[in-house]
Amino acid sequence: MDIKQFRYFVEAARCGNIQDAADTLFVSRQAVSKAIVQLEQELGYPLFYRTHGGVTLSEQGLSYYDQALALVQDFDTLTARMSHVANREKLRIAIPLTVHQHFYERLRAFSRLHEKTFDLQLIGRTDAVCHTLFESGAVDMAISHLTFSAGIDSGQTVAVSPIHIAMRKDHPLAAKACLKPEDFIGESMIFYMNGYKKCFWLDERTPPPSYALDDILLVYELVCQGRGLFPVPPLSMPGFAKDIVLVPYDGPDNMDYFTCAIAAHTQRSPRLQKACLQLREALRDPELS
């Protein structure tokens, strides 16, 4: 998924017609149609009802429209603010999409404060890709669940969140005050792999059948359908997950740590490295300061 797909989805919904949306966006009708079809394929359900007269939002499309519109508007606002000053030094930070919302306001505040000197570029990917981009030197900073082997240090913790178990409100376990590993016996588990091949929860305690997915929207769709339980830190929960409750988990490795590292190549630019250090400090949760 990318911002272009969301932009085309929003414009098609607003116009009620693919051709009108294409004309507004100054692209071809095929480009808009292809982007929306790809988005629907990634999500696994239709966003529009299509007729000869145009398109109307499906129930799923209607449920996501407001969030998609806000995402496009926020992206445009942030892009305009970050791009209006020329000759700024780039500061590239890779951040997992699942924690973007947790750090967004702090990133925006830093961008405003330093907009005359730095072009803050946010690269939202899966955690695994963020880690790879950092290790290869493609970004100046990165946030990850894992520590880093390259950089001016192995990274500093910027957020800590206890693991909870996400489930439907009407799930029998939702009434419990806290869950233990033995509560999962006989339950299907859903795992968001975040781009990795391995997951802590994929071990002998996990009862089959379970789902190991890289599509976070599909993960929440399965949870809403009652297809399984999903271990997740609360700070990663999206705002649209309305019919889901989080139950605390008491078991091995029940805390999730988010580490922010600064690339070694920033040492070639004292100004850039200073800005990276300032940004990392700004990203830290207040209770960690």
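Trainee: What covers the buried residues of H3?

Mentor: Keep in mind that this is a predicted model. The cover includes helix H1 (3-15), helix H2 (18-25), strand S1 (48-51) and helix H7 (216-224).

Trainee: Which residues of H3 are the buried ones?

Mentor: Look for residues with under 20% relative accessible area. In H3 these are Val32, Ala35, Ile36, Leu39, Glu40 and Leu43. They sit on the same side of H3, because the arc they cover around the axis is only 135°.

Trainee: And which exposed residues does the face turned away from that buried side carry?

Mentor: You'll find Gln30, Lys34 and Gln41 there.

Trainee: How many Å should H3 span, and what does the model show?

Mentor: Count 1.5 Å a residue: with 15 residues (29-43), H3 should span 21 Å. Its end C-alpha atoms are 21 Å apart, so the two agree. Right after H3 comes Gly44, with a positive phi near 90°.

Trainee: Okay, on to sheets. How do strands of a sheet pair?

Mentor: Through backbone hydrogen bonds, either parallel or antiparallel. Here, one open sheet has five strands in the order S4-S3-S5-S12-S6, with mixed pairing.

Trainee: Which strands stand at the edges of that sheet?

Mentor: Strand S4 (118-125) and strand S6 (156-162). Each has a single partner strand, so one side of each lacks a neighbour in the sheet. On average, neighbouring strands here are turned by 15° against each other, direction ignored.

Trainee: In what sense do S3 and S4 pair, parallel or antiparallel?

Mentor: Parallel, over eight bridges, with S3 spanning residues 89-96. To pick out one bridge, find Leu91: its partner in S4 is Leu120.

Trainee: Which strands does helix H5 touch as it packs on the sheet?

Mentor: H5 (residues 100-113) touches S3, S4, strand S5 (141-144) and S6. Its direction makes about 170° with that of S3. Helix H8 (residues 270-283) lies across S3, S4, S5, S6 and strand S12 (255-262), and runs at about 35° to S3.

Trainee: What is the order of the three strands in the other open sheet I should look at?

Mentor: S10-S7-S11, with antiparallel pairing. Strand S10 (230-232) and strand S11 (244-248) are the edge strands; each has a single partner, so one side of each has no neighbour in the sheet. Neighbouring strands of this sheet are turned by 35° on average, direction ignored.

Trainee: Which residue in S11 does Ala166 stand opposite?

Mentor: Leu246. Strand S7 (residues 164-168) and S11 pair over five bridges, in the antiparallel sense.

Trainee: Where does H7 lie?

Mentor: Across S7, S10 and S11, at about 125° to S10. That's the H7 you met at the start, among the elements covering the buried residues of H3.

Terms used:
Residues numbered from 1 in each chain as written. Predicted model: local features only at pLDDT ≥ 70, side-chain atom pairs only at ≥ 80, totals over all residues. Heavy atoms only, no water. Helix = DSSP H or I, 4+ residues; strand = E, 2+ residues; numbered from the N terminus. Expected span 1.5 Å × (residues − 1). Buried < 20%, exposed > 50% of the residue type's maximum accessible area, 1.4 Å probe, protein only. Arc of directions from axis to C-beta. Contact = heavy atoms within 4.5 Å. Pairing = 2+ DSSP bridges. Axes fitted to C-alpha atoms, helices over the stretch in contact; angles between N-to-C directions.
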